[in-house]
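The exercises below are meant to be worked through with the sequence and the structure side by side. Try each task before reading the solution that follows it.

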Amino acid sequence: MHSILRLGGLAVLLAASAVQAQTPAPAASAVRTEKNMSLALANQIAAEAVAACAANGYNVAATVVDRAGTVRAVQRADNAGPHTLASSERKAWTSASAKSPTQAMMEGVQKNAGAANLVYLPGFLLLGGGVPVKSGNEVIGAVGVGGAPGGHLDDQCANAALEKVKGLL
């Protein structure tokens with residue numbers, strides 16, 4: 001009788017093993033690990049961007065968003081116009097969304113009629129001043145600057161801020 005129970009138990013084990021072998025393992029990409037920026041880093045980038053523009057006499061706002069485009073930090077210089085808040089946020093969001101600098105996107109649209117429809121995407125602002133924040137090759141967010149007398153100057157301030165914090169990325 002013990003032999004029959006052992007054989008029956010062995011059959012159940014073998015059947016369970018066969019079912020388990022046929023069940024596909026969950027894909028390695030089912031759960032993702034992503035880098036993202038801390039609040040401290042976001043605040044530092046925003047402060048560095050405002051300071052870089054202030055050094056050149058420009059009163060700007062700087063907004064930093066995370067990889068999903070959610071606002072993490074905002075700083076607005078004394079005497080910066082109220083419109084600078086919206087423009088800096090839209091530039092940061094556009095850059096994070098497209099994982100590309102808004103200055104390059106704007107220039108691409110000007111040269112490529114097929115890309116001109118990007119201006120109709122809700123929330124996109126194709127003016128210089130939005131720059132992706134990268135950790136290695138991974139985009140973890142973006143900084144947007146608005147208020148200097150030209151998007152190319154906003155862009156310079158955003159890049160100057162990222163240069164200051166590059167050792168933290």
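**Exercise 1.** Find where K99 is placed in the chain, and decide what is notable about its phi.

*Solution.* Begin with the position: K99 sits in the loop between α3 and α4. Next turn to the backbone, where the phi of K99 is near 55 degrees, a positive value in a residue other than glycine. Finally consider the surface: K99 has a relative accessible area of 49% and is therefore partly exposed, since that class lies between the 20% limit for buried and the 50% limit for exposed. All of this is read from a predicted model.

**Exercise 2.** Repeat the reasoning for N79: in which loop does it lie, and is it buried or exposed?

*Solution.* The loop that holds N79 is the one between β2 and α3 (83-98). The phi of N79 is near 70 degrees, again a positive value in a residue other than glycine. With a relative accessible area of 72%, N79 is exposed.

**Exercise 3.** Describe the surroundings of T102, starting from the element it belongs to.

*Solution.* T102 is placed in helix α4 (residues 102-111). Its relative accessibility is 0%, so T102 counts as buried. To see what it touches, set aside the neighbours within four places in sequence; T102 is then in contact with K91, T94, S95, L125, L127, G128, G129 and G130.

**Exercise 4.** List the elements of the chain in order, and then work out how the strands are arranged in the sheet.

*Solution.* First take the inventory, which comes to 5 helices and 4 strands, running α-α-β-β-α-α-β-β-α from the N terminus on. Then look at the sheet: 4 strands form an open sheet in the order β2-β1-β4-β3, with antiparallel pairing. The edge strands are β2 (71-76) and β3 (130-135), each of which pairs on one side only. From one strand to the next, the twist averages 20 degrees.

**Exercise 5.** Go through the strand pairs of the sheet one at a time, giving the number of bridges and an example of bridge partners for each.

*Solution.* Start with β1 and β2, which pair in the antiparallel sense over 5 bridges; in β2, the bridge partner of T63 is V74. These two strands form a hairpin with 4 residues between them, and G69 in the turn has a positive phi of about 85 degrees.

Continue with strand β1 (residues 61-66) and β4, an antiparallel pair joined over 6 bridges, where V64 has V143 of β4 as its bridge partner.

Last come β3 and strand β4 (residues 138-146), which also pair in the antiparallel sense over 6 bridges. In β4, A142 is the bridge partner of P132, and E138 is the bridge partner of S135. The hairpin of β3 and β4 has 2 residues between the strands, and G136 in it takes a positive phi near 65 degrees.

As a further step, ask how β4 is covered: 8 of its 9 residues are buried, so β4 is largely enclosed by the rest of the structure. Helix α5 (residues 151-165) lies across β3 and β4, and it runs at about 15 degrees to β3.

**Exercise 6.** Locate the disulfide, and explain which parts of the chain it ties together.

*Solution.* The structure holds 1 disulfide, formed by C53 and C157, whose sulfur atoms are 2.0 Å apart. The link of C53 and C157 is right-handed, with 110 degrees about the S-S bond. Because C53 lies in helix α2 (residues 39-55) and C157 in helix α5, the pair ties together parts that are 104 residues apart in sequence. Both C53 and C157 are buried.

**Exercise 7.** Assess the chain as a whole, and identify a stretch to be read with caution.

*Solution.* Consider burial first: buried residues make up 38% of the 169 residues in the chain. Then consider contacts, where, among those between residues at least 6 apart in sequence, 65% join residues at least 24 apart. The chain exposes about 9,700 Å², of which carbon and sulfur atoms supply 58%.

Finally, turn to confidence: the chain averages a pLDDT of 88, and 83% of the residues score at least 70. Over residues 2-16, however, pLDDT stays under 50, and the model has 0 contacts for them beyond four places in sequence. Where pLDDT is low, the predicted coordinates should not be read in detail.

Note on methods. Residues are numbered from 1 along each chain as its sequence is written. This is a predicted model: local features need pLDDT of at least 70, side-chain atom pairs count only at pLDDT 80 or more; totals for chains, interfaces and linings use all residues. Side-chain values use heavy atoms; hydrogens and water are left out. Buried means under 20% relative accessible area, exposed over 50%, partly exposed in between (1.4 Å probe, protein chains only). Contact means heavy atoms within 4.5 Å. Accessible areas come from the Shrake-Rupley method with a 1.4 Å probe; for residues, only the protein chains shown count as cover. Two strands pair if DSSP finds at least two bridges between them. Axes are lines fitted to C-alpha atoms, for helices over the stretch in contact, and angles run from 0 to 180 degrees between N-to-C directions. pLDDT is the predictor's confidence in each residue, from 0 to 100. A disulfide is a pair of cysteine sulfur atoms within 2.5 Å.
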